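Reader: I would like a close look at one part of this model, the sheet and what packs around it. Please take it strand by strand, then go on to the core and a helix elsewhere.

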Amino acid sequence: MPETVTKEQIQTRVIDALVEFGEEREDVSLEAKFEDLDVDSLDLVELAQIVEDEYGVELSDSDMDKLETVGDVVDLIAGRA
Amino acid sequence: MGGCGVSGAVDTATVTAAATAARTREGCALVTGASRGIGAAVARALAADGWPVGVNYRSDVDGAEAVAAEIRGAGGDALAIRADVSEPGAADALLPRLADEFGPTLVLVNNAGLTADNLSMRLGDDEWDRVLETNLTAAFRITRQALGSMMRARFGRIVNVASVVGVRANPGQANYAASKAGLIALTKTVAVEVARRGVTVNAVAPGFIDTELTSDLPKGADDALLDAIPARRTGTPEEVAACIRFLVSDQASYVTGSILTVDGGMTA
């Protein structure tokens, strides 16, 4: 795990993950809403696992409930990484 | 290496280079309750398909070590690994150790099970809890922990060993029946949750199989039972293992959320 991880690195990682799940890269902006992107609970669970494995940040159920946009995830991780 | 063992016997065939090459995934199989009976037969069958196998046992270390040694003798890879699956910490005792030894657990066979029979009016809390904990809750907990690696690998095989008793009544086994019916429902829901990540979740529902679990029936009950089985015989652990071997194989990748009954026609 890197000692200091930048917000840009987190953003890239989150976007890469969503593209891996099937999203089109040009659709995945920071403002993009998960429900518009067709990202469902299973995708978010996998994203949470990636976040935990790679940044050591645990996302609780209440954390996950509040995540609406891609930017929300990036901000949350950056705040805790 | 043939397909399903249609002759009924899955021999501990030497693991050929072809089988190992065919199974190109970096990971292993965990079979709970594999020191004897169906679990031991499943461990041998999966090893014959090239999977390194965690042979889990609770107390029968000799049985588990014998199964592991037999697998290694045939050219496969196995580790006897202790845990009482009914304990909350079981998944932590099993999965990290196997990951160190063989890589992530990509095949999970929830087979550990026990009975504690009594008519419902006399069934105690302890008998109820013990059976539910070992047969159902344990399967859920280990599944929960194993799913992460399977999803990341975009491959997983979970097979839950249920029972025809989970589908048809059997007086004296309310706890066992409830646990197996629960296991069937668990199978279907988990299957649907994770299907698009290449993880299949299925159950087998064995009927009357010749193992220690079923060996202490009184003689009269034996005859009555055989009359109820169209095949007029009990099944062997190898016949159940062959079905699990198929469900774990690549050929079964479109089979998920299903229950494969192995009962000689008893519940047809």
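**The sheet and its surroundings**

Author: Start with one strand pair in this predicted model. In chain B, strand β4 (residues 105-110) runs parallel to strand β5 (residues 156-161), and 4 bridges join them. One bridge can be named: L108(B) is partnered by I158(B) in β5(B).

Now widen the view. These two strands belong to an open sheet of 7 strands in chain B. The order is β3-β2-β1-β4-β5-β6-β7, and the pairing is parallel. At the edges stand β3 (78-82) and β7 (259-262) of chain B. Each has a single partner strand, so one side of each has no neighbour in the sheet. From one strand to the next, the twist averages 20°.

Helices pack on this sheet. Helix α3 (residues 61-73) of chain B touches β2 (53-57) and β3 of chain B. The direction of α3 makes about 165° with that of β3(B). Helix α6 (residues 174-194) of chain B touches β5, β6 (199-206) and β7 of chain B. Its direction makes about 165° with that of β6(B).

Next, the core. The largest nonpolar core has 70 residues. Those with the most contacts inside it are V42(B), A43(B), L46(B), V53(B), V55(B) and I244(B). Helix α2 (residues 37-48) of chain B gives the largest share of this core, 9 residues. Take I244(B) as a sample. Leaving aside neighbours within four places in sequence, I244(B) is in contact with V42(B), A45(B), V109(B), V159(B) and V204(B).

A second core is separate and has 12 residues. Among them are F34(A), A48(A), V70(A) and I77(A).

Stay with chain A for the helix. Helix α1 (residues 7-20) of chain A has 14 residues. From its first C-alpha to its last, α1(A) reaches 20 Å, close to the 20 Å expected at 1.5 Å a residue. Its buried residues are I10(A), V14(A) and L18(A). Seen down the axis of α1(A), the buried residues fall within an arc of 65°, so they line one face of the helix. These buried residues pack against α5 (70-80) of chain A. On the other side of α1(A), E8(A) and T12(A) are exposed. Just after α1(A) comes G22(A), with a positive phi of about 120°.

Notes
Residues are numbered from 1 along each chain as its sequence is written. Chains are lettered from A and ligands numbered from 1 in the order in which they are written. This is a predicted model: local features need pLDDT of at least 70, side-chain atom pairs count only at pLDDT 80 or more; totals for chains, interfaces and linings use all residues. A nonpolar core is a set of buried Ala, Val, Leu, Ile, Met, Phe, Trp, Tyr and Cys residues joined through C-beta atoms within 7 Å. A residue is buried if 20 or more other C-beta atoms lie within 10 Å of its own, exposed if 12 or fewer, and partly exposed in between; C-beta atoms are placed from the backbone. Two residues are in contact if their C-beta atoms, placed from the backbone, lie within 7 Å. Two strands pair if DSSP finds at least two bridges between them. Axes are lines fitted to C-alpha atoms, for helices over the stretch in contact, and angles run from 0 to 180 degrees between N-to-C directions. The expected span of a helix is 1.5 Å times one less than its number of residues. The arc is that of the directions from the helix axis to the C-beta atoms.
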